[in-house]
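The following paragraphs lead through one protein chain, from its charged pairs to its aromatic rings. Please keep the sequence and the coordinates in view while reading.

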Amino acid sequence: MLKLALFLGCSCVLIDPASVSMVAAGAVPPALVGRWLAEDIGGGGVIDFLETTLEINDDGTYAGFAGCNSYTGTFGLSGNEIIFSPPGATRKICVPAVMDQEGRFFEALKRGLSWKVDDTKLFLTGPNAKIGLRLVAN
C-alpha cells in the first residue's frame, strides 16, 4: 500500500491516501473555518500557556498543534456533525502532562461530534451531549 511522507520540521508523518476524503469547496460553513485554541478538553481543562490548536480549512482539511506534536487530516460534514479522519502527526515525546493533554485532545477528535459556534467559541459535543472540546477563535 502506498504511503505518502510529509516532512514537518525534522519529523515525518505517514498518511494513507485511501483514508483521505475531501469536502467540496464552499461546503464548509464560514463560521467553522479558522484557527481555534482549546480552552477545555472533556471537562478536564487545559494546561496554562500550552497552546493546543485546531485549524479548520474550507477545503475539508484540518491541522494544528496538539501541545507536543503538529498534526493534519481531513474531515467530513453531515448537517451539524463533523467527522475527523485519523490525524497524521509528528512523533515527538514531551513531558507526561503535555502528552496526557495531547492524548485527550486526539481522543476527543475520534468521536462523532456535533459542532456549534457561539460568538467566538466553538463547541464540539460528543454523542452523549457532553462537550468534548471547547475552543476559542485564535
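**Charged pairs, fold and aromatic rings**

Lys110 has a relative accessibility of 63% and therefore counts as exposed. This value, like those that follow, is computed on a predicted model. The side chain of Lys110 forms a salt bridge with that of Glu107, with an N to O distance of 3.5 Å. Both residues belong to helix α1, which spans residues 96-110, and because they are three residues apart there, about one helical turn separates them. Glu107, with a relative accessible area of 37%, is partly exposed.

A further set of charged residues is linked through shared partners: salt bridges join Glu39, Lys121 and Arg134 into one network. Within this network, the side chains of Glu39 and Lys121 meet at 2.6 Å, N to O. Glu39 is located in strand β3 (residues 34-41) and Lys121 in strand β10 (residues 121-125), so this salt bridge ties together parts of the chain that are 82 residues apart in sequence. Glu39 also forms a salt bridge with Arg134, here with an N to O distance of 3.1 Å. Since Arg134 lies in strand β11 (residues 131-137) and Glu39 in strand β3, the pair ties together parts that are 95 residues apart in sequence.

How exposed or buried are the members of this network? Glu39 is partly exposed, at a relative accessible area of 25%. Lys121 is likewise partly exposed, at 26%, and Arg134 falls into the partly exposed class with 30% relative accessibility. The structure has five salt bridges in total, among them the Glu39–Lys121 pair, the Glu39–Arg134 pair and the Glu107–Lys110 pair. As a general matter, side chains of opposite charge can pair when their charged atoms come close.

The elements named so far belong to a chain with one helix and eleven strands. In sequence order, these elements follow the pattern β-β-β-β-β-β-β-β-α-β-β-β. Among contacts with a separation of 6 or more, 50% are between residues 24 or more positions apart. The chain has 138 residues, of which 38% count as buried. Its exposed area is about 7500 Å², and carbon and sulfur atoms supply 59% of that area.

One strand residue illustrates a separation in sequence set against a distance in space. Gly76 is part of strand β6, which covers residues 70-78. Gly76 lies 49 residues from Ala27 in sequence, while their C-alpha atoms are 9.8 Å apart. With a relative accessible area of 21%, Gly76 is partly exposed; the class follows because buried residues must fall under 20%.

The aromatic residues complete the description. The structure contains six aromatic pairs. In one of them, the ring centres of Phe75 and Phe84 are 6.3 Å apart and the ring planes stand at 55 degrees, so the pair is tilted. Phe75 is buried, at 1% relative accessibility, and Phe84 is buried as well, at 7%. The rings of Phe105 and Phe106 form a tilted pair too, because their planes are at 55 degrees, with centres 5.9 Å apart. Phe105 and Phe106 are both buried. Which residues make up the aromatic cluster? Tyr62, Tyr71, Phe75, Phe84, Phe105 and Phe106 form it together.

Methods
Residues numbered from 1 in each chain as written. Predicted model: local features only at pLDDT ≥ 70, side-chain atom pairs only at ≥ 80, totals over all residues. Heavy atoms only, no water. Helix = DSSP H or I, 4+ residues; strand = E, 2+ residues; numbered from the N terminus. Buried < 20%, exposed > 50% of the residue type's maximum accessible area, 1.4 Å probe, protein only. Salt bridge = Lys/Arg side-chain N within 4 Å of Asp/Glu carboxyl O. Contact = heavy atoms within 4.5 Å. Areas by Shrake-Rupley, 256 points an atom, 1.4 Å probe, with all protein chains shown as cover. Phe/Tyr/Trp six-rings, centres within 6.5 Å; stacked < 30°, edge-to-face > 60°.
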